[in-house]
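Here is my note on the model, set out as numbered points. Please read it with the structure open.

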Amino acid sequence: MTTTVRETGAETAPPGLRLPGLLLGVGLGGFVDGILLHQLLRWHHMLTSTDHDHIGVRYYDPHTVSGLEMNTVWDGVFHTVCWLAVLGGLAVLYARVATGRRRVWASRVLWGWILSGWGLFNLVEGVLDHHVLGIHHVRGGPHQLWWDIGFLVLGALLLAGGLLLRRGARPFDPAVPRAARPGHAV
């Protein structure tokens with residue numbers, strides 16, 4: 001029986017920041033949407049356009065107490081999903097980073113993935129909820145299509161900005177001390 005020894009440094013890639021960055025971006029982007037658009041501006045809740053949706057969900061008028069209660073429950077479900085995405089992103093990030101935590105949070109790679117995740121959230125949520133299902137719009141009314149398109153454009157800009165930010169960053173391995181990385185004096 002022959003045992004083969006593998007070079008661990010040459011074949012093992014550093015733990016990636018893509019998954020935790022995307023999870024954090026999706027969760028944080030959802031929180032910005034829910035807190036800013038749902039709660040502070042009160043432009044929409046999860047079920048505010050179900051009176052003319054595409055899937056037959058019962059309409060809960062947000063201008064009545066019972067309608068606002070049901071919309072608030074579904075906003076809470078939405079925020080729970082955002083919270084779980086942030087917790088998942090933090091857990092994966094923590095599991096992948098044993099040393100150099102401060103450098104990870106300052107990394108253009110991580111922030112590029114977070115912006116990309118936020119952009120993906122806007123694009124998926126915008127297409128699915130605003131256009132395919134039609135259960136709510138960014139701001140309902142006569143110009144709702146323009147608000148929905150603006151939300152999609154913002155998502156595309158966040159995604160592109162995140163990819164550009166990440167693309168311009170040096171490869172990042174949190175386990176390697178900063179001075180030992182290429183381009184840094186020892």
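1. **Burial and surface.** Of the 186 residues in the protein chain, 35% are buried. The model is a predicted one. The chain exposes an accessible surface of about 11400 Å². Carbon and sulfur atoms hold 67% of that surface.

2. **Fold.** The protein chain has 6 helices and 0 strands. In sequence order the pattern reads α-α-α-α-α-α. Consider contacts with a separation of 6 or more: 74% of them in the protein chain join residues 24 or more positions apart.

3. **Main core.** Which residues make up the largest nonpolar core? It has 11 residues in all: Leu17, Leu24, Val86, Leu93, Val97, Val104, Val109, Leu110, Trp113, Ile114 and Ala169. Two or more residues come from each of α3 and α5 (108-132). The largest share is that of α5, with 4 residues.

4. **Alanine 169.** This residue belongs to the largest nonpolar core. Set aside its neighbours within four places in sequence, and alanine 169 is in contact with Arg108 and Val109. Val109 is listed in that core too.

5. **Second core.** There is also a second, separate core of 10 residues. Among them are Tyr60, Phe78, Cys82 and Ile135.

6. **α2 against α3.** The next three points concern helix packing. Two packed helices are described by the angle between their axes and the distance between the axes. For α2 and α3, the axes come within 8 Å and cross at roughly 155 degrees. Angles over 145 degrees count as roughly antiparallel, and α2 and α3 are therefore roughly antiparallel to each other. The crossing of α2 past α3 is left-handed.

7. **α2 against α5.** Here the axes lie 6 Å apart, and the packing angle is about 50 degrees. That makes the pair oblique. The crossing of α2 and α5 is right-handed. The interface list is worth checking on screen. From α2 it takes Arg18, Gly21, Leu22, Leu24, Gly25, Val26, Leu28, Gly29, Gly30, Val32 and Asp33. These meet Leu110, Trp113, Ile114, Ser116, Gly117, Trp118, Leu120, Phe121 and Glu125 in α5. Leu24, Leu110, Trp113 and Ile114 from this interface are also members of the largest nonpolar core.

8. **α5 against α6.** How do the axes of α5 and helix α6 (residues 144-167) cross, and within what distance do they come? They cross at roughly 155 degrees and come within 7 Å. That makes α5 roughly antiparallel to α6. α5 passes α6 in a left-handed crossing.

9. **Arginine 42.** Please look at this backbone. Most residues other than glycine have a negative phi. Arginine 42 has a positive phi of about 55 degrees, although it is not a glycine. The residue sits in the loop between α2 (18-40) and α3 (65-96). Is arginine 42 buried or exposed? Its relative accessibility is 64%, so arginine 42 counts as exposed.

10. **Glutamine 39.** This residue lies in helix α2. Its relative accessibility is 47%, so glutamine 39 counts as partly exposed. Beyond its neighbours within four places in sequence, glutamine 39 is in contact with Gly34 and His79. Its C-alpha is 9.1 Å from that of aspartate 75, with the two positions 36 residues apart in sequence numbering.

11. **Glycine 140.** Where is glycine 140 found? It is in the loop between α5 and α6. Glycine 140 counts as partly exposed, because its relative accessibility is 47%. Along the chain, glycine 140 and tryptophan 43 are 97 residues apart. Their C-alpha atoms are separated by 7.1 Å.

12. **Valine 77.** Helix α3 contains valine 77. With a relative accessible area of 39%, valine 77 is partly exposed. Valine 77 and methionine 46 are 31 residues apart in sequence. In space, C-alpha to C-alpha, the two are 9.3 Å apart.

Note on methods: Residues numbered from 1 in each chain as written. Predicted model: local features only at pLDDT ≥ 70, side-chain atom pairs only at ≥ 80, totals over all residues. Heavy atoms only, no water. Buried < 20%, exposed > 50% of the residue type's maximum accessible area, 1.4 Å probe, protein only. Contact = heavy atoms within 4.5 Å. Areas by Shrake-Rupley, 256 points an atom, 1.4 Å probe, with all protein chains shown as cover. Core = buried A, V, L, I, M, F, W, Y, C linked by side-chain atoms within 4.5 Å. Axes fitted to C-alpha atoms, helices over the stretch in contact; angles between N-to-C directions. Parallel < 35°, antiparallel > 145°, perpendicular 65-115°, else oblique. Left-handed = near helix turned anticlockwise from the far one by under 90°.
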